[in-house]
Amino acid sequence: MLILPLARKPDWRRPPIISLLLVAASVAAFFGLQRDDDRLYQEAEAYYLESPLPDLEFPAYIAHLEERGRAARARALRRALAQESDKAAARVLASMRGNGRFMERLRAGGVITPGHPAFAEWRQARASFQRRMNRVTSQRLGFIPARPQALDVLAHMFLHGSAGHLVGNMVFLVLVGYVVEAVIGRLFYLGVYLLGGLMAASTFAAVYSHSSAPLVGASGAIAALMGTYVLLFELRRIPFFYTLGFYSGFVRAPAAVMLPVWLGLEAYHLLSGGVSDVAYVAHMGGLAGGALLGLGLRLAAQVDMAFLDRDQREEQDRADMEQGLAHLANLDLDAARERFRALLKRNPDHREALAKLYTVASYRPDSDEYHRLAHRIFALSDNEAATLRFKRDTFRDYTANARPQMRFDPDRFLELAGRLAIGGFPEDAAPMVSSFLEKGKEHPRLPQTLVLLARGFARQDEPERGQRYLAALRERFPDSEEAGEARKMLEEKGTQPGRGTSTRLVAGLRGEEMRYSSGRPHVPFLLADAESLGQGKARG
């Protein structure tokens, strides 16, 4: 059975650098340091089976098992050797090498003693075999409980027994690790990973203190991350993917419930799985150790609570949006307004909720809320295409329906015109700018807006329309910095209108504005309000 938490998508504005580095280190170790491990191990194993060592060591190992009361294991190995196959002999070799007590006696000369007639031959073959095994990275740097080394405790977390072992661990690391990293920060995250791996190895060593089989793999450290994960999220409901035999599915459950479930699964596999190369005890030690570390981080307040609560907040956002849309469909405007307001209070950047609240307010276009929401939309700071289109559509609605008339500060009005012009909607910005030109009003932002409008038309492959606004800029603001820029742009196009053409330019612009605005009822309304805009009368 597999139970895997399904974390949210990574936020690449806060990239999980440590998680990516840990993955990179493990991949580099496997395809770099360990790239020849399989070949070197097979060569060492082949040498052993062809040497005099099996005839000398295997009988002594089986006798050792019988002396230790493991008669059933001894009989199984005798049957394996009776098959007279290299595969069976390799299994016996692996079993013997993992028995720390026996290997300690063997290396110390307590099994094949100096008085043995084949002692010299055995010692030479044993040394040759050991040299070959030492060339295998996982054997040399793996954590061996019978001979613990400080370097091995660290190195074993980045070594893996096979490509499948590596991929499986890295999938868990990516899915769980980056969430923990985002919640507790990079430094504490690295500490949890390394300390968790140490706790996992220590637990394994405590249970198998005489084992000579090297422990390799990141699974103990990753188990610690999983233990930390559930303690950080506590009773928050998170999605899990699970498999049970041939059946699989998804379930949402409180995170903390998973800790005893995971521990129970590891204990079940340990007790019922027979002989296995999976370090279930190390997993259990990692889970428990990680949970303790997670508890310590919570008590020390080293936790990003906003990140932890984001899933719950997003779930509430979805509920408010669904309820608000249902109320709006039934024209229950007060109830819809309450849901959308609650969502925006919790998440001020929720564009869909803002749009729907504006829709509710549009049923009363004379209300302060309608005007206030329109200007909130116009003031959105980013220039993404979707946001600019949102502003454009809202502006069209606002100019057509605002009652008794629009409320605009000239500075904000021209800022919006500039954003629309350069953002792909110059036709919507053109009548806004022309309303200023028609009335002959001055404003410090107008020259810059004229340049942006000209650029917007140039991007739309309509440079001739843009040149008219550049010419108007030179006529109206000849001493401005923008006029110099306009002059260069016109020279590049080979267009240099003469002086004294201001009246004709404005008339031409207004004629063009009305021609391009046919079918848009908001344009005449905008022009009717241009005088108050030019005078700087801000309403609301």
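1. Rings of Phe, Tyr and Trp (its six-membered ring) are taken as a pair if their centres lie within 6.5 Å. In this predicted model, Tyr358, Tyr370, Phe378, Phe395, Tyr398, Phe408 and Phe413 form one aromatic cluster. The count of aromatic pairs comes to 21 by this rule.

2. One pair that deserves comment is that of Phe378 and Tyr398. The ring centres are 5.8 Å apart and the planes stand at 65°, so the pair is edge-to-face, the cut-off for that class being over 60 degrees. This pair links distant parts of the chain: Phe378 belongs to helix H19 (residues 368-378) and Tyr398 to helix H20 (residues 385-401), 20 residues apart.

3. Both partners can be assigned by accessibility, for which buried means under 20% relative accessible area. Phe378 has a relative accessible area of 8% and is therefore buried. Tyr398, at 0% relative accessibility, also counts as buried.

4. A further point concerns helix packing. Helix H16 (residues 310-329) packs with helix H17 (residues 333-346) at an angle of about 160°, and the axes are 8 Å apart. Because angles over 145 degrees count as roughly antiparallel, H16 is roughly antiparallel to H17. Their crossing is left-handed.

5. The contact of these helices involves residues of several classes. On the H16 side, the participants include Arg313, Asp317, Asp320, Met321, Leu325 and Leu328; on the H17 side, Leu333, Arg339, Phe340, Leu343 and Arg346 are among them. The residues of the contact of H16 with H17 comprise nine nonpolar, four polar and five charged.

Terms used:
Residues are numbered from 1 along each chain as its sequence is written. This is a predicted model: local features need pLDDT of at least 70, side-chain atom pairs count only at pLDDT 80 or more; totals for chains, interfaces and linings use all residues. Side-chain values use heavy atoms; hydrogens and water are left out. Axes are lines fitted to C-alpha atoms, for helices over the stretch in contact, and angles run from 0 to 180 degrees between N-to-C directions. Helices (H or I, at least four residues) and strands (E, at least two) are DSSP runs, numbered from the N terminus. Angles under 35 degrees count as roughly parallel, over 145 as roughly antiparallel, 65 to 115 as roughly perpendicular and the rest as oblique. A crossing is left-handed if the near helix is turned anticlockwise from the far one by less than a right angle, and right-handed if clockwise. Contact means heavy atoms within 4.5 Å. Ala, Val, Leu, Ile, Met, Phe, Trp, Tyr, Cys and Pro count as nonpolar, Asp, Glu, Lys and Arg as charged, and the others, Gly among them, as polar. Rings of Phe, Tyr and Trp (its six-membered ring) pair if their centres lie within 6.5 Å; planes under 30 degrees apart count as stacked, over 60 as edge-to-face and the rest as tilted. Buried means under 20% relative accessible area, exposed over 50%, partly exposed in between (1.4 Å probe, protein chains only).
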